[in-house]
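Reader: I am a first-year student, and I would like a close look at one part of this model, namely the places where oppositely charged side chains may pair. Please go slowly, and explain each term when you first use it.

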Amino acid sequence: MALTITCPICGKRNGYEFRYGGEEKGPRPEEAGLTPQAWCDYVHLNHCVAGVQEEWWCHKDGCGSWFKIKRDTRTNLEEEETNEKAVNAGEGGK
């Protein structure tokens, strides 16, 4: 089965319409006192969990919006709870 992703604006779509933006890493580190090594670690080192992780995706062939989903990397399936929230967010939170 192909990857499907739920865009908060357009709804569920084929994964080929999206661009992967990486893992959710939290807030950007403060620049004061930031070493080049610490910045490199933040940008390039990933957790690569075998399980559910939060990720950034862009709907490149649709509305162009960036959003986060939770996806199980073992099954390549989006978590259902995220689908419902994304759809509700696209409908104004109804």
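Author: A residue is called buried under 20% relative accessible area, exposed over 50%, and partly exposed in between (1.4 Å probe, protein chains only). The model is predicted, so to speak of local features requires a pLDDT of at least 70 and side-chain atom pairs count only at pLDDT 80 or more, whereas totals for chains, interfaces and linings use all residues. Residues are numbered from 1 along each chain as its sequence is written, and side-chain values use heavy atoms, with hydrogens and water left out.

Let us begin with the setting, in which the protein chain has two helices and six strands (DSSP runs numbered from the N terminus: H or I, at least four residues, for helices; E, at least two, for strands). Read from the N terminus, these elements follow the order β-β-β-α-β-β-β-α. The protein chain has 94 residues, and 27% of them count as buried.

Now to the charges: six salt bridges are present in the structure (a side-chain nitrogen of Lys or Arg within 4 Å of a carboxyl oxygen of Asp or Glu). As a general point, side chains of opposite charge can pair when their charged atoms come close.

One of these salt bridges is formed by the side chains of Glu54 and Lys68, at 3.9 Å from N to O. This pair links distant parts of the chain, since Glu54 lies in strand S4 (residues 52–58) and Lys68 lies in strand S5 (residues 66–72), with their positions 14 residues apart in sequence. Glu54 counts as partly exposed because its relative accessibility is 31%, and Lys68 is also placed in the partly exposed class, because its value is 38%.

Another salt bridge joins Lys60 to Asp61, whose closest N and O atoms are 3.2 Å apart. Lys60, with a relative accessible area of 44%, is partly exposed, while Asp61, with 51%, is exposed. Beyond single pairs, there is also a network, in which salt bridges that share partners join Glu24, Glu54 and Lys68.

In a further salt bridge, the side chain of Glu31 meets that of Arg28, again with a distance of 3.9 Å from N to O. Glu31 is exposed because its relative accessibility is 61%, and Arg28 is exposed because its relative accessible area is 54%.

To see what surrounds the network, look at Trp56, which belongs to strand S4 and is partly exposed because its relative accessibility is 30%. When neighbours within four places in sequence are left aside, the residues in contact with Trp56 (heavy atoms within 4.5 Å) include Glu24 and Lys68, which are two members of the salt-bridge network. Other contacts of Trp56 are with Arg19, Tyr20, Gly21, Gly22, Glu23, Trp66 and Phe67. The C-alpha atoms of Trp56 and Lys70 are 9.0 Å apart, although 14 residues separate the two along the chain.

Such links between remote positions can also be followed over the whole chain, where residues 24 or more positions apart account for 49% of the contacts with a separation of 6 or more.

For contrast with the exposed charges, you may turn to Gly11, found in strand S2 (residues 11–14), which counts as buried because its relative accessibility is 18%. Neighbours within four places aside, Gly11 is in contact with Ile5 and Thr6.
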